[in-house]
Amino acid sequence: MVRDEYGEAEDVLRLEQIDRPEIADGQVLVRVHAAGLDRGVWHAMAGLPYPIRLAGYGLRTPNNRVPGTDVAGRVESVGATVTGLRVGDEVFGVARGSFAQYACAAADKLVLKPKRLTFEQAAAIPVSACTALQGVRDHGRVRSGQHVLVIGASGGVGTFTVQIAKAFGAEVTGVCSTSKLDLVRSIGADHVVDYTRGDVTDGRQRYDVILDIGGNRSLTRLRQALTPRGTLVIMGGETDGRWLGGSDRQLRAMAVSPFVGQKLGTFVATQSAPDLTALAELVEAGKVTPVIDRTYPLGDLAAAIRYLQQGRARGKVVIRV
């Protein structure tokens with residue numbers, strides 16, 4: 001799937017025959033079996049909010065014709081300096097242009113796929129699960145016995161966040177819509193809250209850690225739900241703003257944090273082999289299982305992006321190649 005300009009997926013995406021990518025010495029060519037979809041794909045497709053164009057995506061036009069990052073597949077060939085991966089290995093991780101039959105990836109961005117996972121399940125992991133892991137482990141610093149609130153618990157990042165927080169020994173409360181309560185409960189949440197019927201920021205219950213993925217509650221409201229020394233990690237929550245796109249909450253949190261007893265902040269997730277390996281170990285231990293709502297064939301990528309934008313997805317949306 002290729003695009004030559006920024007815009008809505010249905011307006012700019014098309015299926016096209018292109019040359020197979022060429023790899024450098026430290027890279028791997030992956031025969032793609034599945035590719036994960038997340039909201040970052042829409043941002044890169046639309047070029048919004050505008051600051052992302054300055055972050056390497058291309059100022060006026062996208063500098064990568066083939067979108068897609070999450071990948072799962074088989075190693076087709078390896079560069080001259082690659083060690084640890086061989087032709088035929090089943091792998092998952094991040095690549096450049098994964099919405100295609102073949103994608104090029106840095107060797108240190110791929111790890112062996114857990115045998116218990118399908119390619120579709122493995123493709124759901126890299127971006128979303130690394131975000132969840134870093135939110136829980138590195139920024140929330142979740143410990144056993146803590147009370148953790150996950151806002152936006154039913155989405156791609158949220159379903160991983162609930163499971164990883166449980167794996168770290170926390171008592172987890174998940175917030176989602178009415179139709180998704182059963183899903184959040186099924187992945188291990190100790191308590192579930194329907195945000196259409198209850199307000200978790202009314203101050204009646206306080207949490208050691210709040211991981212806010214899908215909400216747009218004000219910083220003041222979120223702080224009311226934190227313990228006096230609690231930690232807030234804003235991992236998501238978006239608006240249609242063309243410049244900030246909802247990141248104003250994150251900016252305010254970082255500005256306020258030095259002056260209060262609570263720790264307030266955000267982060268930009270990255271993907272690395274050590275984190276992918278840590279996630280694979282959680283999968284093999286049975287503590288984390290990717291939740292997939294729908295899979296779409298490659299040619300229906302625009303429809304998949306539209307479905308994700310509508311906010312109805314229960315877990316991840318995956319493209320089957």
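**View 1. The R74–E90 salt bridge joins strands β2 and β3**. E90 counts as partly exposed because its relative accessibility is 30%, where partly exposed lies between buried, under 20% relative accessible area, and exposed, over 50% (1.4 Å probe, protein chains only). Its partner R74 is also partly exposed, at 32%. The closest N and O atoms of R74 and E90 are 2.9 Å apart. A salt bridge here is a side-chain nitrogen of Lys or Arg within 4 Å of a carboxyl oxygen of Asp or Glu. The pair links distant parts of the chain, with R74 in β2 (residues 70–78) and E90 in β3, 16 residues apart. Helices (H or I, at least four residues) and strands (E, at least two) are DSSP runs, numbered from the N terminus.

The model is predicted: local features need pLDDT of at least 70, side-chain atom pairs count only at pLDDT 80 or more, and totals for chains, interfaces and linings use all residues. Residues are numbered from 1 along each chain as its sequence is written, and side-chain values use heavy atoms, without hydrogens and water.

**View 2. R14 and D4 pair by salt bridge**. Their closest N and O atoms lie 2.6 Å apart. R14 sits in the loop between α1 and β1 and D4 in the segment before α1, so the contact ties together parts 10 residues apart in sequence. R14 is partly exposed at 33%; D4 is partly exposed at 37%. A network of salt bridges links D4, R14, E16 and R65. The structure holds 17 salt bridges.

**View 3. R137 forms a salt bridge with D138**. The closest N and O atoms are 2.6 Å apart. R137 is partly exposed at 28%, and D138 is partly exposed at 31%.

**View 4. R141 has a positive phi**. The angle is near 50°, in a residue other than glycine. Most residues other than glycine have a negative phi. R141 lies in the loop between α4 (126–139) and β6 (147–151). R141 is exposed, at 55% relative accessibility.

**View 5. Helix α9 packs its buried residues against strands and helices**. Among the buried residues are L276, L279 and V283. They pack against β3 (90–94), β5 (110–112), α4 and α5 (156–167). Just after α9, G286 takes a positive phi of about 80°.

**View 6. Helix α10 spans residues 301–309**. Its buried residues include L301, I305 and L308. Their cover includes α1 (9–12), β1 (27–37) and β12 (292–297). G311, just after α10, has a positive phi of about 80°.

Key:
Contact means heavy atoms within 4.5 Å.
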